[in-house]
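Subject: Structure for you to look over

Hello,

I am passing on a structure that you have not worked with before. Please open it first and then read the notes below it.

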Amino acid sequence: MALSNQEILDAIAEKSVMDIVELVKMMEEKFGVSAAAAVAVAGPAAGPAAAAAIEQTEFTVVMSSFGENKVNVIKAVREITGLGLKEAKDLVEAVPATIKDAIPKADAEAIVKKLSDAGAKAAIK
């Protein structure tokens, strides 16, 4: 019996971020494609004039270093992302790491402050 798209989506929604990353890698290998390449091809189609006219409304928080107190940073990442302890630890240790993606600027600034207070170095992109 074939699964419907909604059933697949529901099953993926129940997985952790790290499991989804692994799933994407497996799909890339199985089908011989790259998710990053599709985004890169779609991006320039809008043209430079359209890119200049569009104001950025979604921001990404990237952590570049976890600093001296990794435990506090892991706690902060868990609070920000809702990840489990192992997933948060893996994310912190994988610097540079994207903590949150496609969020409003005010939220991104608050997350950077929280990470900085915990001892990490983070930036908004």
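A helix here is a DSSP run of H or I with at least four residues, a strand is a DSSP run of E with at least two, and both are numbered from the N terminus. Just after helix 7, Gly 119 has a positive phi of about 110 degrees.

Two notes on the source. This is a predicted model, in which local features need pLDDT of at least 70 and side-chain atom pairs count only at pLDDT 80 or more, while totals for chains, interfaces and linings use all residues. Residues are numbered from 1 along each chain as its sequence is written, and side-chain values use heavy atoms, with hydrogens and water left out.

Overall picture

The protein chain has 7 helices and 3 strands. Their order along the sequence is α-α-α-α-β-α-α-β-α-β. Of the 125 residues in the protein chain, 20% are buried; buried means under 20% relative accessible area, exposed means over 50%, and partly exposed is in between, with a 1.4 Å probe and protein chains only. The accessible surface of the protein chain is about 8,800 Å², and carbon and sulfur atoms hold 60% of it. These areas come from the Shrake-Rupley method with a 1.4 Å probe, and for residues only the protein chains shown count as cover. Among contacts in the protein chain with a separation of 6 or more, 66% are between residues 24 or more positions apart. A contact means heavy atoms within 4.5 Å.

Helix 7

Helix 7 covers residues 105-118, and its 14 residues should span 20 Å at 1.5 Å a residue, which agrees with the 20 Å between its end C-alpha atoms. The expected span is 1.5 Å times one less than the number of residues.

Which residues of helix 7 are buried? They are Ala 108, Ile 111, Val 112, Leu 115 and Ala 118. These residues cover an arc of only 125 degrees around the axis, so they lie on the same side of helix 7. The arc is taken from the directions from the helix axis to the C-beta atoms. Ala 106, Lys 113 and Asp 117 are exposed on the other side of helix 7. The cover over the buried residues of helix 7 includes strand 1 (59-65), helix 5 (70-81), strand 2 (97-103) and strand 3 (121-124).

The strands

In strand 1, 5 of the 7 residues are buried, which leaves the strand mostly covered. Strand 1 runs antiparallel to strand 2, with 4 bridges between them. It also runs antiparallel to strand 3, again with 4 bridges. Strands count as paired if DSSP finds at least two bridges between them. Met 63 has Ala 97 as its bridge partner in strand 2, and it stands opposite Ala 122 in strand 3.

Salt bridges

How many salt bridges does the structure hold? There are 5, each being a side-chain nitrogen of Lys or Arg within 4 Å of a carboxyl oxygen of Asp or Glu.

One of them joins Lys 70 to Glu 93, with the closest N and O atoms 2.8 Å apart. Lys 70 is in helix 5 and Glu 93 is in helix 6 (residues 85-93), so this pair ties together parts that are 23 residues apart in sequence. Lys 70 is partly exposed at 29% relative accessible area, and Glu 93 is partly exposed at 35%.

Glu 93 also meets Lys 89 in a salt bridge, at 3.1 Å from N to O. Both residues lie in helix 6, 4 residues apart, which is about one turn of the helix. Lys 89 is partly exposed, at 36%. Lys 70, Lys 89 and Glu 93 are thus linked in a network of salt bridges.

Another salt bridge in helix 6 pairs Lys 86 with Asp 90, whose closest N and O atoms are 2.9 Å apart. These two residues are 4 residues apart, about one helical turn. Lys 86 counts as exposed at 56% relative accessibility, whereas Asp 90 is partly exposed at 24%.

Backbone details

Most residues other than glycine have a negative phi, and most peptide bonds are trans. Ala 102, which is not a glycine, has a positive phi of about 55 degrees. Ala 102 is in strand 2 and is partly exposed at 40% relative accessibility. The peptide bond from Val 95 to Pro 96 is cis, with omega near 0 degrees. Pro 96 is in the loop between helix 6 and strand 2.

Regards
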